[in-house]
Amino acid sequence: MLAGADRVEGTLFGNGERTGNLDVVVVALNMYSHGVDPKLDFTNIPALAEAYKRLTDMEIHPRTPYSGELVYTAFSGSHQDAIRKGMAARAKMDENAVWDVPYLPIDPHDIGRQYEGIIRINSQSGKGGAAFILESDFGIQPPKAMHPVIGAAVKDAADKAQRELKPEEIKEIFEKKWIGLTSPLKIEELVETHLEGATGAESEERVLCNADVVYQGQKYKISAQGNGPLDAFVNAMKQTPAPKFNITSFHEHSIGSGNDAKAMGYVQITKEDGSQVWGVGRSSNVGRAGIAAVVSALNQA
């Protein structure tokens, strides 16, 4: 073709006789990936593939370029991370910008494919894959520093299952390990009181936290002030036998909108022995999401 051929004979998906086994889908979309219009309509590859399999009773290999089931799927951790970063960068660009996502020679939407299958998780998957699933499928956006511990938890589950994990299973692993833990620490009641600074003074507002908590089966009434609900709760926890710690990282974001919106809080604590643990909290209240994340971290520890 580069030498000037003006006629190319081939077959759909590479199975033929008199015209050999040249796959015209691959040739045409190779041209398309270089910006050359092949003048063939492949905007709905899945429909073509379904008709082909139904009419010929033959299968398309899952790794067949462009049309195979797995060609927009990455199992390798490094590939998953590159695709995740490429897709994130793409989302900030103009829709007509040149397509340049790593490992994806064309936009899957252009041929009727979807992004959902780009990242699939098994025991070979890396830290970026699980984070991509949580963010793209469920709106959960853990900070990058937390990705390795999430990836390790998901990889361990995939090792035990000896199979690929579905997005819902990944979310379940995440929630079971980090959200809603009630042992050894549980909050039974928590009241926040906002203390105004003196009239005309420049002192910052303070928050008083009064709480009833249960730690290792023992109930404690705790109370302390802080510069916000989270800081007040952390100070109050010093009145219990729970491990002493400092918050070394805190992130938050919302999921949903309106009355159904939820706040997600991510906290990394550093204990006196230098060990670091992540916790995650979810609440309709931003301040409470951070507090729930601290409880989660202490229950991890």
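This passage describes a pocket, the helix that contributes to its lining, and several individual residues in a predicted model. Residues are numbered from 1 along each chain as its sequence is written, and side-chain values use heavy atoms, with hydrogens and water left out. As the model is a prediction, local features need pLDDT of at least 70 and side-chain atom pairs count only at pLDDT 80 or more, whereas totals for chains, interfaces and linings use all residues.

Rolling a probe the size of a water molecule over the atoms shows where empty space is left. The search was made on a 1 Å grid over the protein atoms alone, where a pocket is an open set of points, reached by a 1.4 Å probe, with protein on both sides within 12 Å along at least five of seven lines. Grid points are joined across faces, edges and corners, and the volume is the space filled by probe spheres set on the points. By this procedure, the largest pocket holds about 320 Å³ of space. Its lining, meaning residues with an atom within 4 Å of a point, comprises 17 residues, of which L181, I187, I291, A292 and V295 are the closest to the centre. Sorted by class, the lining has 10 nonpolar, 4 polar and 3 charged residues; here Ala, Val, Leu, Ile, Met, Phe, Trp, Tyr, Cys and Pro count as nonpolar, Asp, Glu, Lys and Arg as charged, and the others, Gly among them, as polar.

The secondary-structure elements named here are DSSP runs numbered from the N terminus, with helices (H or I) of at least four residues and strands (E) of at least two. At least two lining residues of the largest pocket come from each of β1 (185-195), β6 (276-283) and α8 (286-300), and α8 gives the most, with 5 residues. The expected span of a helix is 1.5 Å times one less than its number of residues, so the 15 residues of α8 should span 21 Å, which agrees with the 21 Å between its end C-alpha atoms. At the start of this helix, a side-chain oxygen of N285 comes to within 2.8 Å of the backbone nitrogen of G287; a polar contact is a pair of N or O atoms within 3.5 Å, where within protein one must be able to donate a hydrogen and the other to accept it, and residues adjacent in sequence count only if both atoms are side-chain atoms.

Burial is expressed as relative accessible area, with buried under 20%, exposed over 50% and partly exposed in between (1.4 Å probe, protein chains only). The buried residues of α8 include A289, G290, I291 and A293, and the buried residues of this helix pack against α6 (167-178), β1, α7 (229-237), β4 (245-255), β5 (262-271) and β6. Contact here means heavy atoms within 4.5 Å. In helix α7 lies A236, which is buried, with a relative accessible area of 0%, and which touches I222, S223 and A224 when residues up to four places away in sequence are not counted. The C-alpha atoms of A236 and Q80, 156 residues apart along the chain, are separated by 42 Å.

Strand β1 contains H194, which counts as partly exposed at 46% relative accessibility. Residues up to four places away in sequence aside, H194 touches E205, R206 and V207, and its C-alpha atom is 8.5 Å from that of G228, although the two are 34 residues apart in sequence. In the loop between α6 and β1 is P184, which is joined to S183 by a cis peptide bond with an omega of about 10 degrees.

Two residues that are not glycines have a positive phi. F13, with a phi of about 65 degrees, lies in the segment before α1 (24-33) and counts as buried at 7% relative accessibility. Q216, with a phi of about 50 degrees, is placed in the loop between β2 (206-215) and β3 (218-226) and is exposed, with a relative accessible area of 59%. The segment before α1 also holds L2, which counts as exposed at 94% relative accessibility. T64, in the loop between α2 (45-56) and α3 (77-91), is buried, with a relative accessible area of 13%, and its side chain reaches the backbone oxygen of H61 at 2.8 Å.
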